[in-house]
Amino acid sequence: MKRLIGYRIRRVERYRQRPLSNDVRLLELRSNIERSSFSVKRRGWLIRSRHAQQRKDNRSEAVTMARRSARRAVLSEESIIRVAIALLDRDGADKLTLRKIASELDAGVASLYWYASGKDQLLAMVSDELIRRTIAKSEELEQHGLLAPDAFSEVSFAEPHSSTSDVAAEALAQIRRLLLCLFEQMIEHRWLALQLMNNGPDQWYALRFWELIGRQIQRLGLHKREELFATNAVVNYASGIGAEASSHTVHKNLDPAETEEDMHAQINEWEQLDPEEFPFVHDIVEEFTEHDDIAEYSYGLELLLGGLERQTWK
C-alpha cells in the first residue's frame with residue numbers, strides 16, 4: 001500500500017515538473033492579465049469613490065459655513081431690534097420674550113445673550129433706537145426748515161412774542177420740534193412712553209435727548225436751577241402725556257370697536273354723576289367722544305413753551 005501511494009506521489013511531481021504546452025501557458029497568461037485588470041479597475045473605483053466622498057464632504061462643509069454665515073447675518077443687532085419692535089407693536093411689552101424673538105429669527109435663545117443680558121436690556125436697546133430716530137427726524141426737519149413732522153400738519157403753533165429774542169425763539173422752536181418728533185414715535189409705538197419713564201436718562205440716546213433739550217433751555221437765559229427744573233418739566237411732559245395716550249390702546253391690534261365701546265361706557269358712567277357735585281365733568285364729558293391725542297399733546301406743549309418764553313422776558 002505504501003509503495004502504491006509513493007508511486008502516485010512521484011507521478012504527480014513529475015507531471016508538475018514537465019514542460020507546459022503553449023495552450024496552457026496562454027491560459028495562465030490570460031488569467032494573470034484578467035486578475036491584473038480587475039485589480040486596476042478596483043483600485044480606480046476606490047480612488048473615484050474616495051474623491052467623490054471628499055467632494056461631498058467639501059460641499060457639506062461649504063453649506064455648513066454658509067449657514068453659519070447666514071445665521072450670523074440674521075443675528076445682527078439691527079435685525080434683533082427690528083424684530084423686537086415688530087413684536088412690541090403687535091403684542092406689547094408684557095408679552096415680549098427672548099424666546100419669541102429667537103423664534104422669529106430662527107435662532108437659539110442663547111445666541112441673543114451676545115447682544116442683551118435679558119429682556120430689560122433689550123427694551124433699553126430698542127428704546128434707544130427709537131430715540132435715535134427721533135433725533136435724526138428732528139435734524140432732518142430742521143435742515144428743510146420745517147417746524148413739525150407730518151402728523152402735526154394740521155396743528156397751528158404760536159408765533160414768538162415781540163418781547164422774545166431771536167435766540168430764545170429759535171431755542172423754543174428746537175424744543176418743540178424734538179418733542180413733536182418724540183411724540184410721533186410714541187403714537188406709532190404705544191409702548192415707548194412707559195419704557196422711557198421706567199428707564200430714565202441712563203441709556204445713551206435717552207441721555208443725548210435730555211442733553212439736547214438742556215442745551216436749548218440754556219439758551220433761554222435762566223438760572224442753573226431753573227434750567228434743571230425746566231428741562232425735567234419738558235422731558236417729563238413728553239413721556240407723561242405719551243404714556244397717557246398709550247393707555248388708550250396698549251398695542252396696535254386692539255379692536256377699535258372694543259376701544260370705542262369702552263370709551264362710551266366710561267362716558268355714560270360720568271354722565272350719571274351728580275351735576276351739582278361734578279359740574280365740570282358734566283360740561284366737558286362730550287369732548288371725550290372726539291378725543292384727539294395729537295391735539296391734546298400740542299395744546300399742552302404750547303402752554304409749557306409759552307410759560308418758558310415768558311421766563312425769558314425777565
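1. Two rings of Phe, Tyr or Trp count as a pair if their centres lie within 6.5 Å. By that rule, ring pairs join F152, F183, Y237 and Y297 into a cluster in this predicted model. The structure holds 3 aromatic pairs.

2. One of these pairs is formed by F152 and F183, with 6.4 Å from centre to centre and 55° between the planes, and it is tilted. F152 sits in the loop between α6 (119–143) and α7 (166–188), while F183 belongs to helix α7, so the pair ties together parts that are 31 residues apart in sequence. Are the two rings' residues buried or exposed? F152 counts as buried because its relative accessibility is 2%, and buried means under 20%. F183 is buried as well, with a relative accessible area of 0%.

3. Charged side chains come next. Side chains of opposite charge can pair when their charged atoms come close. The count comes to 10 salt bridges. Among them is the contact between E129 and R132, at 2.8 Å from N to O. Both residues lie in helix α6, 3 residues apart, which is about one turn of the helix. The two partners fall into separate classes of exposure: E129 counts as buried at 16% relative accessibility, whereas R132 is partly exposed with a relative accessible area of 33%.

4. Which parts of the chain does the salt bridge between R208 and E139 link? The side chains of R208 and E139 meet at 3.7 Å, N to O. This pair links distant parts of the chain, with R208 in helix α9 and E139 in helix α6, 69 residues apart. R208 is partly exposed, with a relative accessible area of 31%. E139 is also partly exposed, and its relative accessible area is 38%.

5. A further salt bridge brings together the side chains of D293 and R190, at 3.5 Å from N to O. Here too the pair links distant parts of the chain: D293 is in helix α13 and R190 in the loop between α7 and α8 (192–199), 103 residues apart. Both D293 and R190 are buried.

6. Salt bridges can also be followed beyond a single pair. In this model R90, D91 and K100 are linked in a network of salt bridges.

7. On the surface, L207, W210, L228 and F229 make a nonpolar patch of about 360 Å². Two elements give two or more residues to this patch, namely α9 (204–218) and α10 (224–246). W210 is found in helix α9. W210 is partly exposed, with a relative accessible area of 30%. Helix α9 also holds R208, the partner of E139 described above.

8. The last point concerns empty space. Rolling a probe the size of a water molecule over the atoms shows where such space is left. The second largest pocket has about 340 Å³ of space. Its lining is made of 17 residues, of which A158, E159, P160, R176 and E309 are the closest to its centre.

9. Which element gives the largest share of that lining? Helix α13 does, with 5 residues. Both α7 and α13 (293–311) supply at least two residues each to the lining of the second largest pocket. These helices have appeared before: α7 contains F183 of the tilted aromatic pair, and α13 contains D293 of the salt bridge with R190.

Definitions and conventions
Residues are numbered from 1 along each chain as its sequence is written. This is a predicted model: local features need pLDDT of at least 70, side-chain atom pairs count only at pLDDT 80 or more; totals for chains, interfaces and linings use all residues. Side-chain values use heavy atoms; hydrogens and water are left out. Patches are made of residues with over 30% relative accessible area and no salt bridge: like charges are joined within 9 Å, nonpolar side chains (Val, Leu, Ile, Met, Phe, Trp, Tyr) within 5 Å. Accessible areas come from the Shrake-Rupley method with a 1.4 Å probe; for residues, only the protein chains shown count as cover. A salt bridge is a side-chain nitrogen of Lys or Arg within 4 Å of a carboxyl oxygen of Asp or Glu. Helices (H or I, at least four residues) and strands (E, at least two) are DSSP runs, numbered from the N terminus. Buried means under 20% relative accessible area, exposed over 50%, partly exposed in between (1.4 Å probe, protein chains only). Rings of Phe, Tyr and Trp (its six-membered ring) pair if their centres lie within 6.5 Å; planes under 30 degrees apart count as stacked, over 60 as edge-to-face and the rest as tilted. On a 1 Å grid over the protein atoms alone, a cavity is a set of points where a 1.4 Å probe fits but cannot get out, and a pocket is an open set with protein on both sides within 12 Å along at least five of seven lines; lining residues have an atom within 4 Å of a point. Grid points are joined across faces, edges and corners, and a volume is the space filled by probe spheres set on the points.
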